[in-house]
Structure formats: C-alpha cells, structure tokens
Amino acid sequence: MQRAVFRVDASVQMGMGHLTRCLTLANALAERGAKSCFLLRSHAAGLSAFVEGRGHDVRLLSDPPGGRPETDDAGPYADWLPTTWRQDAEQTSQAMDRIGAADWLIVDHYALDFRWESACRRDALRILAIDDLANRQHDCDVLLDQNLVREMHTRYRDCVAETCTQLLGPRYALLRPDFTQQRRLLTARSGQIGRILVCYGGSDPTNETAKAVRAIASLAMPSVKVDVVVGPSNPHADAIVQLCSGISGARVYRGADNIAELMRRADLSIGAGGVMSWERCCLGLPAVVVDIAENQVGALTALADVGAALYLGSAAAVKIEMLAESLLSLLNNALRVRAMGEAARALVDGEGRNQVVAHMRD
C-alpha cells in the first residue's frame, strides 16, 4: 500500500472524534510505509497544523460563497457540509487528481453516502467507509463501525453490497497505541474512587464539563482528586479553569496529550459517548455517561446493558443534582464500580487499528 486519502471534517458541531479516529488509522498505515493525505473543508483550516504535525499532508476544500444551496436530496446531516454532496465529490476528485494515485479512499462523514462514494470511486482502488449510524447506503469495499449496539451484526444488511467486508464492534475500535501501552501498565481496580476524570471530548458546546464539575463540588470530597480535560475546540475553557480554581484537588488539562495515562490513573470517569467510550473501555475505566448527540444513544445503551457504564440519558435532561446523586451512589458501592471496570475492559483490547489495517492490506 502506497497512499491513502481521508475525507473527514471536524468542528464544534461535529466534534473531534471523526478526525481523531482517522488520524489513528493514518498513523497505523504510516507505520507500514503508506502516506496519507487529509481532505478537510476550509472551515477546518485551523486543524491543518494538528494533522500535519503528525506527519500527514492536508488539502483544503474551499467553501463556496453564499452557503449551501437547498436541495431535495440532502440527508439529515446535510448541514455538516457548506455545499452539496455533488460539489463535495467534484472537489474531492479534483484534489485526488492533484495528489496522485491512491490505494484507498477513506470517508468518515455523516453527510456523505453511496452517491458521493460512487462519484469518487474512479479515484481509488478501494473505499473504506467509517460509520456509526446505519441510516444510509454505502458503495464501499469495507465498512467499519466500531460501536457496540443492539443487533450489531445485522444493522447494515440493507446498507451495503453482499461483497462488502463489514468490520463491526469495539474489537475494531481505532485507538492510539498509547492506550494499548497504558493497558499493559494497568493494575486491578479495587472499585474505590480516589480520582475522577471529567472529559467530554474536543468541543463540548453545551458545557457539560462545567455541569459535572459543579456536581463534584456539591459533594464536598476533599480527599478525591479531579482531573478535568478540555479539548482544543472547547469554547468554555477559560470559564472551566476559573470554576476549578475553587475546588481542592482539581486540575485542568487544556488539550491534554496524555489522556490515556489520565484514564489509567482515574478510578471513575464522567463524560459522553463517541470514541472516548472505547478508550475508557480499553483501560477498564468505569464511567458515568450522558449522550450529547442522538448517534451516541445506541452505544451508550449497549454499554449500560452489559454493565460497563452508568448511562443517565440525554445531557440536556441531566441536571447537576442527578449527576451528584449518581456519583454518590457509586462512591458507596465499590463492588459495582469494580464490576463496571471489568465489564468495560473485556470489550476492547486496544488492537483495533491493527485489525483494520490487516483487512485493508488483504
């Protein structure tokens, strides 16, 4: 394999999870000698240095003036694009003509479906689609959905061709190597909670982080350490730093690059769904979770069903008092906390990126 091209975006609305998992796959390909180029829309230009700093090329797709035109064939996530899927496919094809021959085109974008993939197929020998929703058809050779959901192995039956290879479930979770390394250092968890990690991903537009911090503060636990991680796109970072300054034992990390270590050291996490669900599982970290987007409900429900997390429901409906009550119940139930960690750890071994690359090379 010589070259892979990634079509993915990130923003406060989309979060950073799509870009993060694509970077993990690109890094795994680079370890085997392949070069990767990321095609991002120009509204994500601020992330170019972030991607290039990890050794990958970036090409920006210009956003057309006047905004996205209204069309009858736009999907439910059409507002994730500033243009139509047709125009995006044309720009992608033009960019790939300049990049040169590619072995794989990887697309991770809720606003793009089989029509975009078919239009771009001439530009790549193979197409890998990364999805979480199973709400649209794909024209791809490999489909990756790393989530644990009910009826996982049948949900894409009507979405892809019979010849498509489906990589389904958290055993294929695209996690960075540092999670695998920290997993090797992991010792048995007792269930006692002496350190809490608060992290809602890269953006957290509704400021769930502050809600969680206030819930912790209301319990007045001076012996419990609190690590609060705010991502690079978090618009509330300064306010969170100010909030945590009044809490004994609280420390704020802005754009932490050691999240795997922080998860290993923590005894309990508070956060949302998405990629971080599988990062927590890899390190056997019990979690109190809320969904911050509809596409997170299925996976969080499944995690709660197997006892790997305490799922409280939609973030908008979860109040500070509810979070505090949930924390208090776990603080007084070490057996349950330990069981949650064991159930989580059994789901993810941290080798998903290598599993995916092996299928791509085959």
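User: Let's start with a loop: between which two strands does glutamate 151 lie?
Analyst: Happy to, keeping in mind that this is a predicted model. Glutamate 151 sits in a loop rather than in a helix or strand, and the elements on either side of that loop are strand 6 (142-145) and strand 7 (165-168).

User: Is glutamate 151 buried or exposed?
Analyst: The cut-off for exposed is a relative accessible area over 50%. Glutamate 151 has a relative accessibility of 65%, so this residue counts as exposed.

User: What is the phi of glutamate 151?
Analyst: The backbone is worth a look here, as glutamate 151 has a positive phi without being a glycine. The value is near 55°.

User: Now to alanine 220, which also has a positive phi: about how many degrees is it?
Analyst: You will find alanine 220 in the loop between helix 6 (208-218) and strand 9 (225-230). With a relative accessible area of 58%, alanine 220 is exposed. Although alanine 220 is not a glycine, its phi is positive, at about 50°.

User: Moving on to the aromatic pairs, are the rings of tyrosine 77 and tryptophan 80 stacked or edge-to-face?
Analyst: The whole structure holds four aromatic pairs. For tyrosine 77 and tryptophan 80, the ring centres are 5.2 Å apart and the planes meet at 80°. Planes over 60 degrees apart meet the cut-off, so this pair is edge-to-face.

User: Which residue forms one aromatic cluster with Tyr77 and Trp80?
Analyst: Tyrosine 77 is buried at 18% relative accessibility, and tryptophan 80 is buried too, with a relative accessible area of 9%. Their aromatic cluster has one further member, Tyr110.

User: Arginine 353 caught my eye; is it buried or exposed?
Analyst: Arginine 353 belongs to helix 13. Its relative accessible area is 7%, and buried means under 20%. Arginine 353 is therefore buried.

User: Leaving aside neighbours within four places in sequence, which residues is arginine 353 in contact with?
Analyst: Arginine 353 is in helix 13, but its contacts include residues from elsewhere in the sequence, such as Thr24 and Thr180. The full set is Thr24, Ala28, Ala173, Leu174, Leu175, Arg176, Pro177 and Thr180.

User: How many Å separate the C-alpha atoms of arginine 353 and valine 142?
Analyst: Along the chain, arginine 353 and valine 142 are 211 residues apart. In space, their C-alpha atoms are separated by 14 Å.

User: Which helices do the buried residues of helix 5 pack against?
Analyst: Helix 5 covers residues 177-185, and its buried residues are Asp178, Phe179, Thr180, Gln182 and Arg183. Their packing partners are helix 8 (259-265), helix 9 (275-282), helix 12 (334-345) and helix 13 (352-361).

User: Stepping back, what is the radius of gyration of the protein chain?
Analyst: The chain contains 13 helices and 13 strands. For 362 residues the globule rule gives 21 Å, and the chain comes close to that, so it is as compact as a globular protein of that length. Its radius of gyration is 20 Å.

User: What percentage of the residues of the protein chain count as buried?
Analyst: Among contacts with a separation of 6 or more, residues 24 or more positions apart account for 63%. The chain exposes about 15,300 Å², with carbon and sulfur atoms supplying 48% of that area. Of its 362 residues, the share that counts as buried is 54%.

User: Last one: how far apart do the centres of the positive and negative side chains lie?
Analyst: The protein chain carries 39 positive and 43 negative side chains. Taking the centre of each set, the separation is 6 Å.

Note on methods:
Residues are numbered from 1 along each chain as its sequence is written. This is a predicted model: local features need pLDDT of at least 70, side-chain atom pairs count only at pLDDT 80 or more; totals for chains, interfaces and linings use all residues. Side-chain values use heavy atoms; hydrogens and water are left out. Rings of Phe, Tyr and Trp (its six-membered ring) pair if their centres lie within 6.5 Å; planes under 30 degrees apart count as stacked, over 60 as edge-to-face and the rest as tilted. Buried means under 20% relative accessible area, exposed over 50%, partly exposed in between (1.4 Å probe, protein chains only). Helices (H or I, at least four residues) and strands (E, at least two) are DSSP runs, numbered from the N terminus. Contact means heavy atoms within 4.5 Å. The radius of gyration is taken over C-alpha atoms; the globule rule is 2.2 Å times the number of residues to the power 0.38. Accessible areas come from the Shrake-Rupley method with a 1.4 Å probe; for residues, only the protein chains shown count as cover. Lys and Arg count as positive and Asp and Glu as negative; His and the chain ends are not counted. The place of a charge is taken as NZ of Lys, CZ of Arg, CG of Asp or CD of Glu.
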